[in-house]
Amino acid sequence: MEPTQQPRKIILSGMQPTNNLTIGQYCGALRNWVELQHQYDSLFCVVDQHAITVRQEPAKLRKRTLDVAAMYMAAGIDPDVSTLFVQSSVPEHTQLAWVLECLAGFGEVSRMTQFKDKSAQHADNVNVGLFTYPVLMAADILLYNADLVPVGEDQRQHLELTRNLAERFNFHYSPTFTVPEPYIPKVGAKIMSLQEPEKKMSKSDANEKATIFLTDSDAEIRSKIKRAVTDSGTDIRFDAERRHGVANLMTLYHITTGASIAEIEQEFVGLGYAEFKEAVGEAIVAFIAPVRSRYEALRADEDTLKATLRRGGEHARDRARKTLRKVYKKTGFVEL
Ligand code: TYM
């Protein structure tokens, strides 16, 4: 008898093209995408429609969208294995978002902490898109019936909302959407700012020294790590509660070298911050340099990059169309 083939489980994730990608995004999400893509039916998108919830210069947004796609590949996403696409090339995302918006409660969306943070950051532009953003994110995920969504810690609340919306739709109409699970790594889910290690490393931090970008030069990486804020202690010990700065550098060292935290503590017994920071800087340089050079080569061939994204978009769209057709039918939109 032929063995019955189980369809592979589905993962979907995305990043905003608002800046170059950071080592935080790599550690929290991209690293897992690369690892999981071989086991799962994987879709990765560059979420340009999310990006315009904050003012963008059109030419820069266009450029950054391609930058981010090239960086996905430079980090190890294989477009022959995974579906790689740009959100705006699949109009079904915003179409599904509207249906979900009509199921989402104003109160539950108001509770999203990212909305509160971003509206404080961009007080001059608290637009409706910024508010409904998490519902568009839910649409991104539900459109493909993703089982798993590999993200960093800051997306947990959005995933919870996505699950609630999926369950609500399934309850009001009939079972349609897979209720997705977040996939948040145990280590690296929240890489902290190098300058204010109590807060998350962010691609939009006004202080460039706070963030390592995957496009940074060796000299920039070394200098940022050297200047990273640590506490007044002297030993290299992991304490994420009280010694954020050192713990953060240890996490980066762990991810870029593969050494365990215990091994790192052992390696630096009797040594001070200066030696430790130097080692961390070198480890990050050794990790990023090949990613950066692959990125430069991929980014230089824009025609191939665009063709890859077009192909990914077509594939994603075929799948998205099927889900949306089902959703429209169940919602009561007449099929003509
Ligand atoms: P974005 O673009 O802010 O970040 C992309 C991913 O990187 C993770 N991340 C971090 N992880 C660890 N430490 C950090 N300092 C750090 N900074 C960012 C984020 O958790 C995220 O996984 N709303 C999403 C994009 C999105 C999406 C989706 C994600 C839109 N639709 C559908 C998954 C599925 C966002 O703004 O991520």
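In the predicted model, the shell around the ligand is made up of 12 nonpolar, 10 polar and 5 charged residues. Among the 27 residues of this shell, those that come nearest to the ligand are Gln-16, Tyr-133, Asp-140, Asp-154 and Ile-191.

Polar contacts to the ligand involve both side-chain and backbone atoms of the protein. A polar atom in the side chain of Asp-154 is placed 2.4 Å from a ligand oxygen atom; Asp-154 is also one of the residues listed as nearest to the ligand. Two contacts are made to nitrogen atoms of the ligand: an N or O atom of the Gln-155 side chain lies at 3.1 Å from a ligand nitrogen, and a backbone N or O atom of Met-201 is found 3.0 Å from a ligand nitrogen. On its own, the ligand has 710 Å² of accessible area, of which the protein covers 98%.

The ligand takes up the space of the largest pocket. Three elements each contribute two or more residues to the shell around the ligand, namely strand S1 (10-15), helix H1 (23-36) and helix H7 (128-142).

Beyond the ligand site, the structure contains 23 salt bridges. One of the side-chain pairs joined in this way is Asp-124 with Arg-55, at an N to O distance of 3.4 Å. This salt bridge links distant parts of the chain, with the two residues 69 residues apart. Asp-124 is in the loop between helix H6 (113-121) and H7, whereas Arg-55 is in the loop that lies between helix H2 (48-51) and helix H3 (58-75).

Methods:
Residues numbered from 1 in each chain as written. Predicted model: local features only at pLDDT ≥ 70, side-chain atom pairs only at ≥ 80, totals over all residues. Heavy atoms only, no water. Near = heavy atom within 4 Å. Polar contact = N/O pair within 3.5 Å; in protein donor to acceptor, adjacent residues only side chain to side chain. Areas by Shrake-Rupley, 256 points an atom, 1.4 Å probe, with all protein chains shown as cover. 1 Å grid on protein atoms, 1.4 Å probe; cavity = no way out; pocket = protein on both sides within 12 Å on 5 of 7 lines; lining within 4 Å. Sits in = over half its atoms within 2 Å of the grid points. Helix = DSSP H or I, 4+ residues; strand = E, 2+ residues; numbered from the N terminus. Nonpolar A, V, L, I, M, F, W, Y, C, P; charged D, E, K, R; others polar. Salt bridge = Lys/Arg side-chain N within 4 Å of Asp/Glu carboxyl O.
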